[in-house]
Amino acid sequence: MIRYLLRRAWQSALTLLLSTVVVFLGVRALPGDPALALAGEDRSPEALEAIRHHYGLDQPLPLQFAQYVERAVQGDFGVSIRTGTPVSSMLTTALPVTAELSVLAILIAAVLGVGAGVLAAVRRGHPAEWLANGLALVGLSVPHFWLGLLAILYLSVATGLFPASGFVPLLQDPVDNLHHIVLPAVILGTGLAAIIMRQTRSAMLDSLSSDYVRTAKAKGLRPRAVITRHALRNSLIVVVTIVGLQLGGLISGAVVTEQIFGLPGFGKMTIDAVFQRDYPVIQAVVLLTATAYIVINFFVDLLYSVIDPRIRVTGDPA
Amino acid sequence: MTTVERPGTASGLLGAPVLEIRDLSVSFTTEGGTVSAVHRVSLDLAPGEIVGMVGESGCGKSVTAMSIAGLLPSSARISGSVRLRGTELVGTRESVLRRVRGKEIAYIFQEPMTSLNPVLTVGRQIGEVLQVHERMSRPAARARAVELLSLVGIPSASKRVDNYPHQLSGGMRQRVMIAMAVACGPKVLVADEPTTALDVTVQAGILQVLRDLRDRLGTTILIITHDLGVIADVADRVVVMYAGRVVERAQVTDLFAHPLHRYTAGLLSASPTPGKHAGTARLQEIPGLVPVLSSQPDACTFADRCPAADSQCRDSAPPLEGVGTGTALGAKDHLAACWHPCPAPRTQPEETNL
């Protein structure tokens, strides 16, 4: 198990390094000279040269990369071209918002999706299944932004149940924080909940008709034990895979959701940076997103081995 | 194969039956219409008896077995009666059946790989039965699981108890299934093709475990198989099923010595016997397939595949009765549902050494 963990950690580190290279080169490959963009009115060769020297752009690429990595490891992602504030401090304010939104959305989606999926499989052919299937179809086909607008219209503007926009940091006022973020999280989680529901339902239908469930029934276990301990536990491996794959969609969904609800998160920061060609910010955002992917995938892999003992053994190099 | 007097035979037939199946019929409603899977099956199981049930695939053996403890899906329509020491099980509430399953009537299934839960340790899966029926604590159930594993002949059981099914061999897994089935000391053990997925050598071991259980714990065993060799090896009595009906019922020695029903005779000549088929003699197959019946006709369902069938066979269903009486080998508890039973001694050229 320890060897498996070490091997996975090493693989993750390698992937992270590679994605750093790609991000670095990708930003350098963008059309346009950053020095030109920074120079503003004064485009004399001397001024451009001074800017290039200031930002280290006159150095050879490998050296630039080494310096970039060295600074990034220390948490220094440079200074925003647009605002002049350090990118790292922008990240520390934006990241918690997005992290909270995503984690909450995943939790809501997992609880709703797994619950509805199990219900739909167990109550096959009953109204409960039709309802769950219908809701899943809506969740899958209705885009986030429209659902978000509807929610603002009916739950915020008309009834005032939830604030329409804005954010309060978690540490400042946890209750108010939750009040602000729960609606965006639900909206962001709907698509994922629908996908989880459908996957759970089909995985449950499979395992409910499996031989080991027949064995569990033949042992005289209660339906609840048969469903949770035997059928659901075996279905979770499929569900975890799907959730892992869908997290990319969740991150891009977060960008849109934050924009609609005016949350000062990662998504809003990214959109602003792209419009303003704020290269250091884009670079940091892409790198952090890639890191998030890698870390999440690492945890998904870990979760596999917790759920399914067969993976633990195959993970050990024989 | 030499036949010895089995301890269960004599005592078994004298005791009151543990399980009485009367006129059990099962049909399924499918999208393609109704399918009659089992038709008016009657069978008594005496204490400590091993009864074999044979027939080709699709003869209704497994459906009969599953219906005993109400394990069929809700699409099944069941009529007739199954009594466990006098208590009716057909149509009984689920909560009552749950107390019977695993405790009074236990099952062993064909595929030990897929029949065990891949994500739980074998100790946990065995312990589960004890926790439910014997109200044992988890540690106590685990300790008992170790004992059960050694009872079914698993070496270093205290280590194996924490293994997952994929870490065990096929034969070991089937032993785990058996340990799980006998955990609460059931009166009746239903073994549905317990050795079909296993190597021949492993098969012998598993059958030995079943025999031991009967001898030591007095468990009644219903063993379902299409392998006549298994029947000859362990069973005291045999029930031959065809297209959902019992077509012949006899002591195992009587059946092998003198099959009455043409279907049984066909099955016997379709299975190889040591010595006989080593040379050039071809095995005889039964032409055709088991029919899928939407309803049970008033005719012999084997008529279409039977060499001896005539108009009587196609016009009325033969009752299961003691047609063997009066012949040299016929015993009084040897029944067959056939209008034209095989004459005794059997006319087929080779028929001895089984």
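**View 1. A hairpin at the start of chain B, with strand 1 and strand 2 side by side.** In this predicted model, strand 1 (residues 19-30) and strand 2 (residues 33-45) of chain B run antiparallel and are joined by nine bridges. Together the two strands form a hairpin, with two residues between them. To find your place in the ladder, look for B:Ile21, whose bridge partner in strand 2 of chain B is B:Leu43. Strand 1 of chain B also pairs with strand 4 (residues 76-84) of chain B, in the antiparallel sense and over eight bridges. Here B:Glu20 is a handy landmark, as it stands opposite B:Arg83 in strand 4 of chain B.

**View 2. The open sheet of seven strands in chain B.** Reading across the sheet, the strands come in the order 6-7-8-3-9-10-11, and their pairing is mixed. Strand 6 (105-108) and strand 11 (335-336) of chain B stand at the edges with a single partner strand each, so one side of each has no neighbour in the sheet. At the strand 11 edge, the partner is strand 10 (residues 245-251) of chain B, and these two pair in the antiparallel sense over two bridges. Within strand 11 of chain B, B:Leu335 stands opposite B:Arg249.

**View 3. Helix 5 of chain B and its surroundings.** Helix 5 (residues 122-133) of chain B has twelve residues and reaches 18 Å from its first C-alpha to its last, close to the 16 Å expected at 1.5 Å a residue. Ten of those twelve residues are buried, so helix 5 of chain B is largely enclosed by the rest of the structure. Among the buried residues are B:Val122, B:Ile126, B:Val129 and B:Leu130, and the list also includes B:Gln125, B:Glu128 and B:His133. The cover over the buried residues of helix 5 includes helix 6 (138-151), helix 7 (157-160) and helix 8 (170-182) of chain B. Follow the chain just past helix 5 of chain B and you will meet B:Arg135, which takes a positive phi of about 55 degrees.

**View 4. The largest nonpolar core, around B:Ala179.** This core has 168 residues, and those with the most contacts inside it are B:Ala179 and B:Leu222. Chain A takes part too: its helix 8 (residues 174-208) gives the most to this core, with 15 residues. Back in chain B, and leaving aside neighbours within four places in sequence, B:Ala179 is in contact with B:Ile126, B:Leu148, B:Leu149, B:Leu151 and B:Val152. Of these, B:Ile126 is one of the buried residues of helix 5 of chain B. For the wider setting, 49% of the 354 residues of chain B count as buried.

**View 5. Where chain A touches chain B.** At this meeting place, 18 residues of chain A are in contact with 22 residues of chain B. On the chain A side, helix 9 (211-218), helix 10 (223-261) and helix 13 (309-315) each supply at least two residues. Helix 9 of chain A gives the largest share, six residues. The touching side of chain A divides into five nonpolar, five polar and eight charged residues.

**View 6. Two annotated segments of chain A, both helical.** An unreviewed UniProt entry annotates residues 236-261 and 281-304 of chain A, among others, as "transmembrane region". Over residues 236-261 of chain A the chain is 100% helix, with the end C-alpha atoms 32 Å apart. Residues 281-304 of chain A are likewise 100% helix, and there the end C-alpha atoms are 34 Å apart.

How values were computed:
Residues are numbered from 1 along each chain as its sequence is written. Chains are lettered from A and ligands numbered from 1 in the order in which they are written. This is a predicted model: local features need pLDDT of at least 70, side-chain atom pairs count only at pLDDT 80 or more; totals for chains, interfaces and linings use all residues. UniProt positions are given in the numbering used here, feature names are shortened, and annotations may be inferred rather than shown by experiment. Helices (H or I, at least four residues) and strands (E, at least two) are DSSP runs, numbered from the N terminus. Two residues are in contact if their C-beta atoms, placed from the backbone, lie within 7 Å. Ala, Val, Leu, Ile, Met, Phe, Trp, Tyr, Cys and Pro count as nonpolar, Asp, Glu, Lys and Arg as charged, and the others, Gly among them, as polar. A nonpolar core is a set of buried Ala, Val, Leu, Ile, Met, Phe, Trp, Tyr and Cys residues joined through C-beta atoms within 7 Å. A residue is buried if 20 or more other C-beta atoms lie within 10 Å of its own, exposed if 12 or fewer, and partly exposed in between; C-beta atoms are placed from the backbone. Two strands pair if DSSP finds at least two bridges between them. The expected span of a helix is 1.5 Å times one less than its number of residues.
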